[in-house]
Amino acid sequence: MPDIFETPRLLIQRLRYEDASEIFYTYASKPESTRYLSWPTHQSMKDTRQFLQYARSAWQAGTEFSYSIRLKDTYRMVGSIGVLNDSGKTHFGYVFGPLHWGKGFATEACLQLLELLKSNSDVHHIGTFVDAENVASASVLYKCGLVEEAHLVKWYRFVNQGNEPKDCILFKLPMEI
């Protein structure tokens, strides 16, 4: 995966240690942003720094690629996007600060990430899943060309929702093999 890529409005670059405070204050400490995520809301900068250490080692291992998403015109961080790689079977996810919802940034970032993944000959599957109640993210995924692969009943326990099993929608990007 490249260290950096762009869209018309966004600069998407590999996460850096210097991003810690922006990550924490933009989205990682915000319960409304982390509600549907697989990782717990950060309670302190220590949590964010530990995540960045993990992100660096995962990038080096080729198993996960985490990026910041910034506005080109102001360089302000608005969110993050990442890819898990399991020998060409990829799973992606994203998060945005609540101040940046509803502006098309998720769709724009996802479309560009999907283009990168589709152009990688080692990638044979692209997918993700969302809490069935997360209508906004499901809408982004449909706009990006993903299709519902399955509706899974009480399939995943989201740590920021009391660890109760939730219904989820499993998405995939149709690909020619």
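Here are some notes on the cores, one helix, one histidine and the largest pocket of this predicted model.

1. **Ground rules.** Local features here need pLDDT of at least 70 and side-chain atom pairs count only at pLDDT 80 or more, while totals for chains, interfaces and linings use all residues. Residues are numbered from 1 along each chain as its sequence is written, and side-chain values use heavy atoms, with hydrogens and water left out.

2. **The main core.** The largest nonpolar core (buried Ala, Val, Leu, Ile, Met, Phe, Trp, Tyr and Cys residues joined through side-chain atoms within 4.5 Å) has 32 residues. Buried means under 20% relative accessible area, exposed over 50% and partly exposed in between, with a 1.4 Å probe and protein chains only. Ile12, Ile69, Ile81, Phe92, Tyr94 and Leu146 touch the most other members. Elements supplying at least two residues each include β2 (10-14), β4 (77-86) and α5 (135-143); helices (H or I, at least four residues) and strands (E, at least two) are DSSP runs, numbered from the N terminus. The largest share, seven residues, comes from α4.

3. **Ile12 and a second core.** Leaving aside residues up to four places away in sequence, the contacts of Ile12 (heavy atoms within 4.5 Å) include Phe5, Tyr67, Ile81 and Ala109. Apart from the largest core lies another, of 11 residues, among them Leu15, Ala20, Ile23 and Phe24.

4. **Helix α3.** The 17 residues of α3 (residues 45-61) should span 24 Å at 1.5 Å a residue, and the end C-alpha atoms are 24 Å apart, which agrees; the expected span is 1.5 Å times one less than the number of residues. Met45, Thr48, Leu52, Ala55, Ala58 and Trp59 are buried in α3. They cover an arc of only 140 degrees around the axis, so they sit on the same side of α3; the arc is that of the directions from the helix axis to the C-beta atoms. Their cover includes β2, α1 (20-28) and β3. The face turned away carries the exposed residues Lys46, Gln53, Gln60 and Ala61. Just after α3, Gly62 takes a positive phi of about 80 degrees.

5. **His100.** This residue lies in the loop between β5 and α4. His100 counts as buried because its relative accessibility is 8%. Beyond residues up to four places away in sequence, His100 touches Thr26, Arg76, Met77, Val78 and Phe105.
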